[in-house]
Amino acid sequence: MIQGVITRISGPVVQAKDIEGIKIRDLVVVGDLGLLGEVIEVKGNEVSIQVYEETDGLTVGQPVKSGGMPFLVELGPGLLGTTYDGIQRPLEVIRDQTGNFIQRGATASPLVREKKWGFNATAKKGDSVSFGDIIGWVQESPTIKHYIMVPQGVSGKIAKINSGDYTIDQPVGSLEDDTELKMSQKWPIRRPRPSKRKIPTNIPLVSGQRIFDVFFPLPKGGNAIIPGPFGSGKTVMQQSLAKWSDADVVVYVGCGERGNEMTEVLTEFPHLEDPRTGAPLMNRTVLVANTSNMPVAARETSIYTGITLAEYYRDMGYDVAMMADSTSRWAEALREISGRLEEMPGEEGYPPYLASRIAEFYERSGRVICLGGKIPGSDKSENERIGSVTVIGAVSPPGGDFSEPVTQNSLRIAGAFWGLDARLAYSRHFPAINWLTSYSLYLDTLKDWYNAELTEEFMQMRTELMEILQREDELNKIVQLVGKDSLSDPDKLLLDIARTVRDDFLRQSAFHEIEAYCPPKKSYYMMKAILLFYKNCQSRLGKIPYDQILTQPGWEKISSMRYFPNDKFEAPCQELLKEMAAGGELAAVAA
Amino acid sequence: MAAKELYAKAHRKIKDIKGPLVFLEPIADVKFGERVVIVDSNGREKGGQVLDVGEKAIVVQVFEGSDGLDRKGTSVFFTGDIVKIGLSEDMLGRVFDGSGAPRDGLGEVYPEVERPIGGSPLNPVCRQQPKEWIETGVTSIDMLFTLIKGQKLPIWGGAGLPLNAVTMQIAKQVIRQSGEELVVIFAGMGITSREYNYFYKEFQDSGALASSVLFLNLADDATIERILTPRLALTTAEYFAYDKGRDVLVILTDMLNYANALREISSAREEIPGRRGYPGYLYTDLSTIYERAGIIKGQKGSVTQVPICTMPNDDITHPVIDLTGYITEGQILLSRSLDRAGFFPPIDVLPSLSRLMNLGIGREKTREDHRQIADQLYAFYAQGKELEKLTAIIGSEGLGNVEKKIVEFTQRFEDEFLGQGDQSRTIEESLGLSWDLVKDIPRSELRRLEDKHIEKYMPKRAGAAK
Ligand SMILES: Nc1ncnc2c1ncn2[C@@H]1O[C@H](COP(=O)(O)OP(=O)(O)OP(=O)(O)O)[C@@H](O)[C@H]1O
Ligand SMILES: [Mg+2]
C-alpha cells in the first residue's frame with residue numbers, strides 16, 4: 001500500500017502528492033471517506049485523480065492510498081440479471097446498505113460470494129491448460145452456460161479438478177504448481193480482452209426491426225451509432241434492440257441518462273420473453289446504470305465496465321450485444337474531467353484525445369476466434385469457438401446538429417449509421433430513422449446470409465424499395481414547386497407507393513404487442529405485397545382514371561399485415577398475395 | 001445561524017474578489033462544498049460555499065453576490081457543515097426567499113429535520129415506474145402528451161408567450177384533482193414581482209396556498225442565490241413526498257435564469273466555456289435538479305416537476321432548452337403563431353412530447369384507442385401543416401380530394417382541438433372530439449387505426465353508412 005496526501009479538491013478531480021511509485025490509471029482510495037478514484041495524470045510528484053463519488057467534505061491533507069493496481073472488474077457467474085453502477089457495484093446490494101438514495105463510500109462485492117454454483121468440470125487431471133481454456137461450466141441462467149476460463153497469467157498441468165457445488169471463492173481444482181483454479185477472475189477495464197484474431201462479420205444481428213433488418217443491417221460483431229436530437233427515439237431503439245435482437249447476452253449501459261429509463265428496463269425485462277428461448281429477457285441481460293445525476297467520473301468508467309463484461313461473455317463463444325446510451329454523456333464526462341485538469345481543449349472544449357478514445361472503444365467490438373481450446377461438448381473445433389461483441393452507441397448531439405465532434409468522430413468509425421430525424425419524430429413516424437441519410441457498410445458482407453436464409457429476392461426487393469424512396473425524394477422537390485397535379489401518372493403512382501413503403505413498412509411501433517418484433521420472413525412478405533401491388537397498379541395505368549388506380553384488391557390490407565400474428569403470419573400473407581395476384585390478372589383481362 | 005456562534009471557528013480575510021467569487025488564503029481542514037458565512041465590515045452576513053480548496057487558495061462563491069465586500073473589513077467563517085435546509089410541515093403556506101429565509105415576516109420555522117440541499121441520487125433500482133396519468137383538462141396535453149405522476153415535464157416558450165398561464169391551467173387542474181393529498185412547491189428564480197403576484201394570487205384563488213411552499217428569488221435579488229433556490233425547493237419536495245407520503249407538484253421558474261447564474265460563476269472561474277458561454281457541465285448540473293422527480297418503490301408520495309424555461313429567440317436549440325430536453329421526460333412547447341392567431345392554450349403539438357405517456361394511457365386508464373387515435377391526429381396534423389405550406393405556393397387547386405380533407409382537418413384541429421380557451425375538458429370529451437375530427441377522412445388514409453377501434457369509436461359519417 002502506497003500513500004500520499006490531498007493537495008487540492010475541485011469537483012470530481014482531486015490532486016494529491018507524495019505517493020511514491022504511483023502509476024497512471026492506478027486505483028486509489030481518497031480521503032477519510034474512503035472514496036474510490038483513478039489516477040488520470042502524473043506530473044512530477046503530483047497526481048490528479050478522478051473520483052467516482054461526490055467529493056464534498058474532503059479536505060486538503062487527508063490521505064490518499066493505493067494498492068498500485070488499476071481498476072478491475074470481477075468476472076464470474078452471477079453477472080447476468082444484475083444491475084451495476086459505473087464501477088461495478090451491484091445497485092441492489094447498495095440499496096440494502098444505504099437505502100433508497102445512494103450514499104457515498106458504499107462498497108459491495110460485484111458478485112455474490114456466498115452462493116454455491118453447480119460446477120461441471122470438463123477438464124481432467126493431467127490436462128495442460130492456459131489462458132482462455134475452458135475447464136468447466138456453470139448453468140448461470142436457464143439458457144446460458146457460463147464457461148469457466150483459465151485467467152491470464154495462469155498455465156500448467158491440472159493436478160486436481162472436481163465437479164460439485166462451490167462458491168466463487170472456493171477452488172474447484174488446482175494446477176501442479178499449486179495455483180488454485182476458481183470460478184471468478186478480474187480484468188482491468190481499459191485493456192481489451194484478447195482473442196486469437198478478428199474474423200469477418202457476415203451474420204446479421206437480427207433485430208426484428210424492419211428498418212434495420214431490411215434497410216441498414218448490422219452484423220454480429222459490427223458497430224452502429226444512433227445519433228439524434230432529444231426525443232427522437234434513441235433510447236426506444238436501443239431498448240428494442242436489447243429486447244428483440246438475437247444476441248445470446250445483452251449488456252445495456254445507461255450512461256448519464258435518465259433513472260426512469262433504467263427502471264423501465266428493470267420493470268419490463270423480467271416479464272418479457274426472449275423470442276428465441278422463451279426465457280425472461282432479464283436472464284440474458286446485464287445492466288450498467290450510471291444515470292445523469294450519479295457521479296461524473298463513474299459515468300466515464302461505465303462504458304469500459306460494460307464493454308469488458310461483454311468481451312468476457314464473447315470469450316465463452318457467445319454473441320453479445322452492448323448498448324451504450326448515450327456515448328455523448330461519456331464524452332462530456334471526459335470533457336468535464338479534462339477541463340478540471342486544465343488541459344488544452346480541442347474542438348468545442350473536448351479534449352484532443354476524444355477521437356482516439358472513441359475509436360479505441362468501438363474497436364473493442366468485433367467477431368473473433370476466442371482464445372483457448374474448443375468448447376467442451378461441442379462438435380466445433382477450437383478455431384470454431386467464435387464469439388462476438390456488437391456495439392450500438394447512441395449519440396446525443398447538441399441542438400441535434402450532427403456536425404459536432406462526438407457524432408463526427410463516431411461516424412468515422414461506425415459501420416452503420418442510423419440517423420434519427422426530428423421531423424419524422426414530430427410527425428410520429430417511428431422509428432424516426434432517416435432512410436435517405438442512414439447507411440450500413442455491411443450490406444456486401446451480409447449478402448450471402450440473406451440470399452441463403454431469405455432468398456435472393458430479399459435484397460433485390462430491398463433495392464427496389466430504396467429506389468422508390470429515393471425517387472420520391474426527387475419528386476417531392478418538384479411537387480414543392482409545381483404541385484402534384486402536374487406529375488405524370490407513373491410519378492403520381494410512385495408517390496402513393498412510396499407513402500405505403502414509409503407508412504406500412506418502415507413505420508413500426510415499439511409499443512404494439514405484435515408489431516414490436518417483426519420476423520424477417522414477415523418483412524419479406526410485406527415487401528413482396530407492396531411490390532406486387534405496385535406492379536398491378538402500373539399495369540392499369542393509362543387504362544383507367546388515376547383516382548381509381550389504387551382501389552384494387554389488397555390496398556387496404558397492406559397496412560394491416562404488420563398486425564398478422566408473428567407465429568402464424570405465413571398463411572394470411574400468402575392468402576393476401578394470392579388475392580392480389582388474382583386481382584392483377586383480372587385487371588389485365590379487363591384491360 | 002448567527003455569526004457569533006461561528007466566531008470560535010476558523011476564519012480568513014479575503015485575498016481577491018472576482019464577480020461572485022472570493023479567493024482566500026489556504027487554511028487547514030476546510031472541506032470541499034463547505035458552507036461559509038461572510039461578514040462584511042458593516043456586520044452584514046452573506047452565505048457562501050467552498051468551490052475549490054487547495055494548498056494555494058480557497059475559492060468561495062457568495063450566494064448574495066460580492067457587492068459590498070472588501071479585503072480589509074470582511075471575514076469569512078467556515079461552518080464545518082454543508083448547505084442544509086431545516087424542514088417541517090409548518091412550512092406549508094409560507095413564503096421563503098431564494099436562500100431559504102422566511103420572506104413573509106412570519107418568523108422562523110422550527111425544523112423537524114435538516115437535510116443537505118444537494119440531495120443524493122435515487123438508486124435506479126429503487127425507482128417505481130410511473131404509471132398514473134394526471135388529467136389536466138387541456139385536450140392537447142391529455143390526448144397527445146399525457147402528464148404522468150412522477151414525471152418531469154417542462155414548458156417552453158419564447159418571451160411574451162403565456163408560459164405562466166398555461167402552467168397555472170395545468171396546476172389548477174392537478175390541485176383540483178388531487179385535493180388534500182397535494183403539496184405544491186414553487187421556486188421562482190429571477191422572476192418579476194408581477195409574475196410572482198400572478199402565481200401567488202392563482203394559488204390563493206385555487207385554494208392551494210395553504211398547502212404550498214414558495215421559494216422566491218426575484219429579478220432584483222442576488223443572482224447567485226438562484227443556484228440554491230431549486231435545490232431548496234426540491235429538498236422540501238422530497239421531504240413532503242418521501243417523509244410525509246404526499247403527492248408533490250414542483251413548479252420551477254425560470255430555469256433560464258438559473259442556468260445564467262451558473263454561467264456567471266463558471267465565467268468568474270475562467271472555465272472553458274461551452275456553447276453560448278454555458279459551462280460544459282450544464283447537462284450534469286441540470287440533471288441533478290430534474291432527476292429529483294420520481295416515485296420510490298413501496299412508498300406513497302411522488303414528486304412531479306413542471307419546470308418553466310423561457311426559450312430565447314424561440315430557439316429550440318438554445319443550450320438550456322436543448323439540455324433540458326435531453327433530461328426531462330418530454331416537453332410542452334408554446335407556439336408564437338398560434339398565440340398570435342389568438343388560440344389558447346397556444347401549444348405547439350408537433351414538437352411537444354410526453355415520454356411516459358404510454359405508461360399511463362390505454363385500457364383501464366384512459367381508453368384502449370388512445371395511443372392510435374393520438375398517433376393518427378399527429379400524422380394528419382403534420383401532413384396538414386406541410387400541405388398548408390404547399391398551398392401557399394401552388395394554391396389549393398393543386399390538392400387532391402384526400403389532401404383537401406386533411407387541410408380541413410388541420411383547420412378544425414386548430415380551431416376546436418387546440419383552441420379550447422380556459423375551459424377544461426374531460427378525457428372522454430377529448431377522445432370524442434378526436435374521433436370526430438377524422439370521421440370524414442377515407443378509411444384507406446386512417447393508417448394508424450386498427451379496424452376494431454374504428455368499428456367501435458368512429459362516429460357515423462355524414463351521409464355514407466359504413
Ligand atoms: N419505435 C418507436 N415506436 C413508438 N414510439 C417511439 C418509437 N421511438 C420513439 N418513440 C417515441 O418517442 C419518444 C422519445 O423517444 P426516446 O426516449 O427514445 O428519445 P431519445 O432519442 O432517447 O431522447 P433523449 O436523447 O432525450 O434521451 C418515446 O417516448 C416514444 O413516445
Ligand atoms: Mg434517450
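Buried area is the accessible area that two parts lose on being put together, summed over both. The exercises below use this term on a predicted model.

**Exercise 1. Describe the contact between domain 2 and domain 3 of chain B: how much area is buried, and which elements of domain 2 take part?**

Step 1. Locate the domains. Chain B is divided into domain 1 (3-81), domain 2 (85-360) and domain 3 (370-457). The contact takes 23 residues from domain 2 of chain B and 26 residues from domain 3 of chain B. The C-alpha centres of these two domains, 2 and 3 of chain B, lie 32 Å apart.

Step 2. Give the area. Domain 2 and domain 3 of chain B bury about 1,900 Å² between them, and carbon and sulfur atoms hold 63% of it.

Step 3. Count the polar features. Between domain 2 and domain 3 of chain B there are 0 salt bridges, but 14 residue pairs are in polar contact (both at pLDDT 80 or more).

Step 4. Name the elements. On the side of domain 2 of chain B that touches domain 3, at least two residues each come from helix 2 (139-144), helix 3 (163-178), strand 18 (347-354) and helix 10 (357-360) of chain B. Helix 2 of chain B gives the largest share of that side, 5 residues.

**Exercise 2. Work out how the chains meet: how many salt bridges are counted between chain B and chain A, and which element of chain B gives the largest share of its side?**

Step 1. Start with residues and area. The contact takes 74 residues from chain B and 80 residues from chain A. The area buried between chain B and chain A is about 6,400 Å², with 52% from carbon and sulfur atoms. Of the area that chain B buries against chain A, B:Phe32, B:Tyr326 and B:Arg447 supply 14%, more than any other three residues.

Step 2. Count the salt bridges. There are 6 between chain B and chain A. One residue named in the previous step, B:Arg447, has its side chain in a salt bridge with that of A:Asp504 (3.4 Å, N to O).

Step 3. Add the polar contacts. Across the interface of chain B and chain A, 32 residue pairs are in polar contact (both at pLDDT 80 or more).

Step 4. Assign the side of chain B to elements. Those that each supply at least two residues of the side touching chain A include helix 5 (229-243), helix 7 (282-290) and helix 8 (319-325) of chain B. Helix 11 of chain B gives the largest share of this side, 8 residues.

**Exercise 3. Place strand 5 of chain B among its partners: which strands pair with strand 5, and is strand 5 mostly covered or exposed?**

Step 1. Find the partners. Strand 2 (residues 21-24) of chain B runs antiparallel to strand 5 of chain B, and 4 bridges join them. Strand 4 (residues 45-54) of chain B also pairs with strand 5 in the antiparallel sense, over 5 bridges.

Step 2. Follow one residue. B:Gln61 in strand 5 stands opposite B:Leu21 and opposite B:Gln49.

Step 3. Look at the connection. A hairpin through 3 residues joins strand 4 of chain B to strand 5 of chain B.

Step 4. Check the cover. Strand 5 (residues 58-62) of chain B is mostly covered, with 5 of its 5 residues buried. On one side these are B:Ile58, B:Val60 and B:Val62, and on the other B:Val59 and B:Gln61.

**Exercise 4. Classify A:Glu38: why does A:Glu38 count as buried or exposed, and which side chain meets its own in a polar contact?**

Step 1. Find its place. A:Glu38 is in strand 4 (residues 35-43) of chain A.

Step 2. Apply the cut-off. Buried means under 20% relative accessible area. A:Glu38 counts as buried because its relative accessibility is 1%.

Step 3. Find the partner. The side chains of A:Glu38 and A:Tyr52 are joined by a polar contact of 2.2 Å.

Step 4. List further neighbours. Not counting residues up to four places away in sequence, A:Glu38 touches several residues, among them A:Arg25, A:Asp26 and A:Arg190.

**Exercise 5. Describe strand 12 of chain A: how many of its residues are buried, and how many bridges pair it with strand 11?**

Step 1. Check the cover. In strand 12 (residues 145-149) of chain A, 4 of the 5 residues are buried.

Step 2. Describe the pairing. Strand 11 (residues 134-139) of chain A pairs with strand 12 of chain A in the antiparallel sense over 5 bridges. A:Ile134 stands opposite A:Met149 in strand 12.

Step 3. Look at the connection. Strand 11 and strand 12 of chain A form a hairpin with 5 residues between them.

Conventions
Residues are numbered from 1 along each chain as its sequence is written. Chains are lettered from A and ligands numbered from 1 in the order in which they are written. This is a predicted model: local features need pLDDT of at least 70, side-chain atom pairs count only at pLDDT 80 or more; totals for chains, interfaces and linings use all residues. Side-chain values use heavy atoms; hydrogens and water are left out. Buried means under 20% relative accessible area, exposed over 50%, partly exposed in between (1.4 Å probe, protein chains only). Two strands pair if DSSP finds at least two bridges between them. Domain bounds come from an automatic or database domain assignment. Contact means heavy atoms within 4.5 Å. Buried area is the accessible area (1.4 Å probe) that two parts lose on being put together, summed over both. A salt bridge is a side-chain nitrogen of Lys or Arg within 4 Å of a carboxyl oxygen of Asp or Glu. A polar contact is a pair of N or O atoms within 3.5 Å; within protein, one must be able to donate a hydrogen and the other to accept it, and residues adjacent in sequence count only if both atoms are side-chain atoms.
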